[in-house]
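Visitor: I would like a close look at one small part of this model, and then a walk outward from there. Could you take me through it slowly?

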Amino acid sequence: MKIAADITLEWHHWSDLTATQLYELLQFRQAIFVVEQASPYPDLDGRDTRAQHLLMRLGNELICCLRLIEPDPLVRIGRVAVKADKRGHGFARLIMEAALQRAAEVYPHRDVALSAQTYLEPFYRSLGFTPSSAPYDDYGVPHVDMVGPARGV
């Protein structure tokens, strides 16, 4: 889906990702979550196969990604990542709004949960999420669980 002249959003089920797309996605996540944040955590947590993956591209360059995980019992959004030099330009809001819209379409009337880095709590609050846990350490990175209200189409 093209959302601007040179910005596209691509939804993929795990099984539909090509080897090249999968490598690109995992390399992107590793560069941000493991290398940049100096957090050796288990990115491959077994949830990817139950998720839809949203990739945002600027031209051919991958600049954002996230995953939308089927309810168990809540719908979850995770692995939200924006390339360092693209932060602060509204791309995270665009990709999150697309994910919330998709969640409302595919899983209507189901609450949506996420685990936010604590410094991003105000951003997620602006999208309707509220904290549902006390802050906690997640492999050296402070996080807080948050839940957003169910939406329907």
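How far is the sulfur of C64 from the closest cysteine sulfur, and in which residue is that sulfur found?

Guide: Happy to. The closest cysteine sulfur to that of C64 belongs to C65 and is 7.8 Å away, which is too far for a bond. Before going on, a word on the basis: this is a predicted model, where local features need pLDDT of at least 70 and side-chain atom pairs count only at pLDDT 80 or more, while totals for chains, interfaces and linings use all residues. Residues are numbered from 1 along each chain as its sequence is written, and side-chain values use heavy atoms, with hydrogens and water left out.

Back to the cysteines. A disulfide is a covalent bond between the sulfur atoms of two cysteines; the search counts a pair of cysteine sulfur atoms within 2.5 Å. Seen from the other side, C65 has its closest cysteine sulfur in C64, again at 7.8 Å and too far for a bond. Over the whole structure the search returns 0 disulfides. C64 counts as buried because its relative accessibility is 0%, and C65 is buried as well, with a relative accessible area of 1%. Here buried means under 20% relative accessible area, exposed over 50%, and partly exposed in between (1.4 Å probe, protein chains only).

From buried sulfurs, let us move to buried rings. The search finds 2 aromatic pairs in the whole structure. The rings of F123 and Y124 have centres 5.0 Å apart and planes at 65°, so this pair is edge-to-face. The rings of Y124 and F129 are also edge-to-face, because their planes stand at 80°, with the centres 6.2 Å apart. The cut-offs are these: rings of Phe, Tyr and Trp (its six-membered ring) pair if their centres lie within 6.5 Å, and planes under 30 degrees apart count as stacked, over 60 as edge-to-face and the rest as tilted. F123, Y124 and F129 thus make up one aromatic cluster. F123 counts as buried at 19% relative accessibility, Y124 does so at 6%, and F129 is buried too.

Y124 and F129 bring us to the packing of the interior. Together with M56, I77 and M96, they touch the most other members of the largest nonpolar core, which has 28 residues. Such a core is a set of buried Ala, Val, Leu, Ile, Met, Phe, Trp, Tyr and Cys residues joined through side-chain atoms within 4.5 Å. The elements giving two or more residues to this core include β2, β3, α2 (91-106), α3 (121-125) and β9 (141-148); helices (H or I, at least four residues) and strands (E, at least two) are DSSP runs, numbered from the N terminus. With 7 residues, α2 gives the most to this core. A second, separate core holds 10 residues, among them F28, F33, Y41 and A81.

F28 and F33 lead to helix α1, where they are buried along with Q21, L25, R29 and I32. The helix covers residues 19-36, 18 residues in all, and reaches 24 Å from its first C-alpha to its last, close to the 26 Å expected; that expectation is 1.5 Å times one less than the number of residues. α1 bends by about 30° at Q30, where the bend is the angle between axes fitted to the seven residues ending there and the seven starting there. Its buried residues pack against β2 (7-13), β3 (51-58), β4 (61-69), β5 (75-82) and β6 (112-117). Q21 counts as buried at 18% relative accessibility, and, leaving out residues up to four places away in sequence, Q21 touches E10, H12 and D16; contact means heavy atoms within 4.5 Å.

Finally, some backbone details for your geometry checks. Most residues other than glycine have a negative phi, and most peptide bonds are trans. After α1 comes A38, with a positive phi near 50°. H109, in the loop between α2 and β6, has a positive phi of about 65° although it is not a glycine, and H109 counts as exposed at 60% relative accessibility. Y139, in the loop between β8 (136-138) and β9, has a positive phi near 55° and counts as partly exposed at 46%. The peptide bond from D72 to P73 is cis, with omega near -5°, and P73 lies in the loop between β4 and β5.
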